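I opened this notebook to record what I looked up in the structure, entry by entry. Strand pairing comes first, then the contact between the chains, then single residues.

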Amino acid sequence: MFPPRPQPSPPPRVVITGAGIITGLGAGWKKNAEGFRSGRTAFRPVTLFETSHQRVKLAAEVDLPKEMPRTSLSVRQLARLDRASALLLLASVEAWQQSGWEPSDSIPMVLGTTSGGMPLGEEYVRQAVKHPHRHRRQPTRAFQYQAHSQSQIVLDALGLGGPVTIISNACASGACAIGEAWNLVRGGAVDRVFTGGYDVLSQFVFAGFDSLQALSPTTCRPFDKNRDGLAMGEGAAMLALETLESARKRNAEILGEIIGYATTIDRHHLTQPHPEGNAAFTAMTEACATAKVSPADIDYVNAHGTGTPLNDSAEAVAINRWAGTRAATLPVSSTKANIGHLLGGAGAVETVACLMAMQGQWLPPELALETPDPLCQFPLVSKPQEASLTTVLSNSFGFGGVNATLILRRWAA
Amino acid sequence: MSIFVTGYGAVSPAGWSAADLQKVLAAGIPLPVQPLDRPGWEKPLRMRAVPVPPDKPAFLAHPRLRRSSAITHYAAAATLEAIKNIPPDTSRRIGLIVCLQSGCVQYTYRFFEEVLTNPATASPLLFPETVFAAPASHLAALLENSPRVTTLMGDPATFAQGLAVGADWLRQNYVDIAVVVGAEEINWLRASALWHLEHAAIISGGAGAVALSGDGSSSCGVELGLITQPRSYGAHWSRGRAAAAVRAELGGRDDDLLCDGLGNSPRVDGPETAAWRDWTGPRVSPKRIFGEGLMATAAWQCVIACAAVAKREHSSAIASLVGCNQQATGVRFQACGAPNDSRNICA
């Protein structure tokens, strides 16, 4: 890790040769692409934990398949697989298979998550409090709730042994993971990185957002004038990133290119963005600078767009300011209207949604949008539509203030 | 590009400074153990707690830190100590890399206790403080000039990854100073989880911070020599093989100081003990004196290594970071200008 390899000049282009996704819309590229394109929503009553005392009772739960894909995991590991590991594994296997990579002990993994295996932590606490002398499964829970336990499942399943970096920058974690992975390849540290993000629904986090009255008691409508909160979701997305040279050498199918990334910090408040969206503005501006593009080159913005009054107004102001005259014709939407807020998984899943949109040449609509917030000087995508997309921008902003922006480009063979 | 250490800081059961940490370590006598109540049990768990600071830290007056958890206080104190010799300059960009394993467990338990009682009345003041990113956010607000901030999670070896991230941020010119902080706080839940894995463990809390810079003129006489490639445990690397590979990569001379991660558990310590069995040079084992502080322990190991080189007690010092359940790695700090051992440079 240090001293690092010399930085190549110019930096290599970084392409995506594998993508895997699982959300409330379903498992895999096809179901999610169909869902995002049509604007289907995945919200339903929560079944994973008790919500009778909560204000809100809906979320975008994932239906896990009855059988997990065949990997190198042992029967024992599969029997002990927790929900977070299962989500991450499903996305990982899809991305891995698509990439065509071989097992290796040198491919690093960079992951984003906010709460790892939180449901196991909850089980640990419940048992420790209610039955303090009952130890059954407690050692397993004490280990498996930690985020690096989920990463080890992926390492063992795919035959990997490289270093794992786990980033926990709240809701920007997934985007930061992909951005830092991009930095690793671009900076010459490695030729390939496996990266993405995940998070699982848990009572702790659900109750947390409900306590803040951040959850929508009606319908999640990002950028709607009458929006009243976010909806929770769960899922994972993984990407195989490599240098263009490496991909070409293998004749790999290229799904897209990451051309820009920036991260900034909003120090305004632990949970509230600066009303002018200063850090978001800087993240978008700096990401464009690294990508050597201007707002005029961006064809679509996948907004952080949680649906909370404060986030969306700050983000709208930031997009207006960053885009300038381009704002009037720049399509913007938030896929959180379809699958909810995936927290540490959000940035990764939304990156894959952008890849899908560029590949299919369509815009992901928010069908629930009724009255666009007049703050938005940009058109909001409210119905399915085709579009010519070459370069797209994806925003992710987190509790604590870390903001991240990724810029992707369509791959034209 | 050389990466220099410009300062270090620590909060530990020994006190609220790196000097306290070194003084108690030099005495070599394990700190007294205190009881930690566990609900439903007559026999308490065991801990070595951070003492109350002699004076209330001035940073607690900052609006963002008033409601924050102990882990943030420890991280803030260690960070401010690490950068105390850097001339105040508002244009200087300070990057923050906060490394955690258990994180904000005190507020997490308090909030979940309320959720279990009645989620409808769980406090909205507590929940934000449970987020892993909260300490980094508070620190960024405190320092005011941190353009780049991140939180890394993992076992204690993650602290070395934090140092590598800091070195990369300096190399890429994202920041002028990169402060890497490892911190943990104590509560009975974290102690009981540790107890399930090792009954003899004595939990502790605190923080350690190492400030890095690309500018040699602000160095405290120490530079980063080597960070080995982390070996992730699993099908490719058993903990024993990983520890041995790291030890081989770190090398070391007889006059180097080894800051190891050994405690008092033959089972947990086994792989690291075996890897360093042939070591004949001086060594210290801070965990035996201060307790199991997880990420804080890894940070203390690095702080102690830096201090040994800064005070010219050793020309080079090694921190062996054999994480408990994720990965193994190691760091070598050396006197500024010391030649790198090319055999040890990671390709």
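Entry 1, a sheet in chain B. I count two strands as paired if DSSP finds at least two bridges between them. The model I am reading is predicted. With that criterion I looked up an open sheet in chain B, and I found 3 strands in the order S2-S3-S7, with mixed pairing. Its edge strands are S2 (34–36) and S7 (203–204) of chain B, each of which pairs on one side only. I then followed S3(B), residues 45–48, to S7(B): the two run parallel and share 2 bridges. Within S7(B), Ser204(B) is the residue that stands opposite Arg48(B). I note for reference that strands of a sheet pair through backbone hydrogen bonds, either parallel or antiparallel.

Entry 2, pairing across the chains. I asked which strand of chain B pairs with S6(A). I found S5(B), residues 149–153, joined to S6(A) in the antiparallel sense over 2 bridges. In this pairing Met153(B) of S5(B) lies opposite Ile166(A).

Entry 3, extent of the contact. I looked up the residues on either side and obtained 68 from chain A and 78 from chain B. The area buried between chain A and chain B is about 5900 Å², and 61% of it is on carbon and sulfur atoms. On the side of chain A, Met1(A), Phe2(A) and Phe204(A) lose the most area to chain B, together 15% of what that side buries.

Entry 4, polar terms of the contact. I found 26 residue pairs in polar contact between chain A and chain B, counting pairs with both residues at pLDDT 80 or more. For salt bridges the count between the two chains is 1. I identified Glu180(A) and Arg148(B) as forming a salt bridge, with their closest N and O atoms 3.5 Å apart. I next listed the elements that give two or more residues to the side of chain A that touches chain B; among them are helix H4 (118–130), helix H7 (173–186), helix H8 (203–211) and strand S10 (256–265) of chain A. H8(A) supplies the largest share of that side, 7 residues. By residue class, the side of chain A that touches chain B holds 32 nonpolar, 29 polar and 7 charged residues.

Entry 5, strand S10 of chain A. I checked how covered S10(A) is and found 10 of its 10 residues buried. S10(A) pairs with S1(A) in the antiparallel sense over 3 bridges, and Val15(A) stands opposite Glu257(A) of S10(A). S10(A) is also joined to S16(A), residues 402–409, by 8 bridges, again antiparallel. There I recorded Val402(A) in S16(A) as the bridge partner of Ile265(A).

Entry 6, Arg83(A). I located Arg83(A) in helix H3 (residues 83–99) of chain A. Its side chain is joined to that of Glu234(A) by a polar contact of 2.5 Å. Leaving aside neighbours within four places in sequence, I found Arg83(A) in contact with Leu48(A), Val62(A), Leu64(A), Val200(A) and Glu234(A).

Entry 7, Ser9(A). I placed Ser9(A) in the segment before strand S1 (14–23) of chain A. Is Ser9(A) buried or exposed? I class Ser9(A) as exposed because its relative accessible area is 74%, and exposed means over 50%. I also looked up its separation from Gly235(A): the two are 226 residues apart in sequence and 37 Å apart in space, C-alpha to C-alpha.

Notes: Residues are numbered from 1 along each chain as its sequence is written. Chains are lettered from A and ligands numbered from 1 in the order in which they are written. This is a predicted model: local features need pLDDT of at least 70, side-chain atom pairs count only at pLDDT 80 or more; totals for chains, interfaces and linings use all residues. Side-chain values use heavy atoms; hydrogens and water are left out. Contact means heavy atoms within 4.5 Å. Buried area is the accessible area (1.4 Å probe) that two parts lose on being put together, summed over both. A salt bridge is a side-chain nitrogen of Lys or Arg within 4 Å of a carboxyl oxygen of Asp or Glu. A polar contact is a pair of N or O atoms within 3.5 Å; within protein, one must be able to donate a hydrogen and the other to accept it, and residues adjacent in sequence count only if both atoms are side-chain atoms. Helices (H or I, at least four residues) and strands (E, at least two) are DSSP runs, numbered from the N terminus. Ala, Val, Leu, Ile, Met, Phe, Trp, Tyr, Cys and Pro count as nonpolar, Asp, Glu, Lys and Arg as charged, and the others, Gly among them, as polar. Buried means under 20% relative accessible area, exposed over 50%, partly exposed in between (1.4 Å probe, protein chains only).
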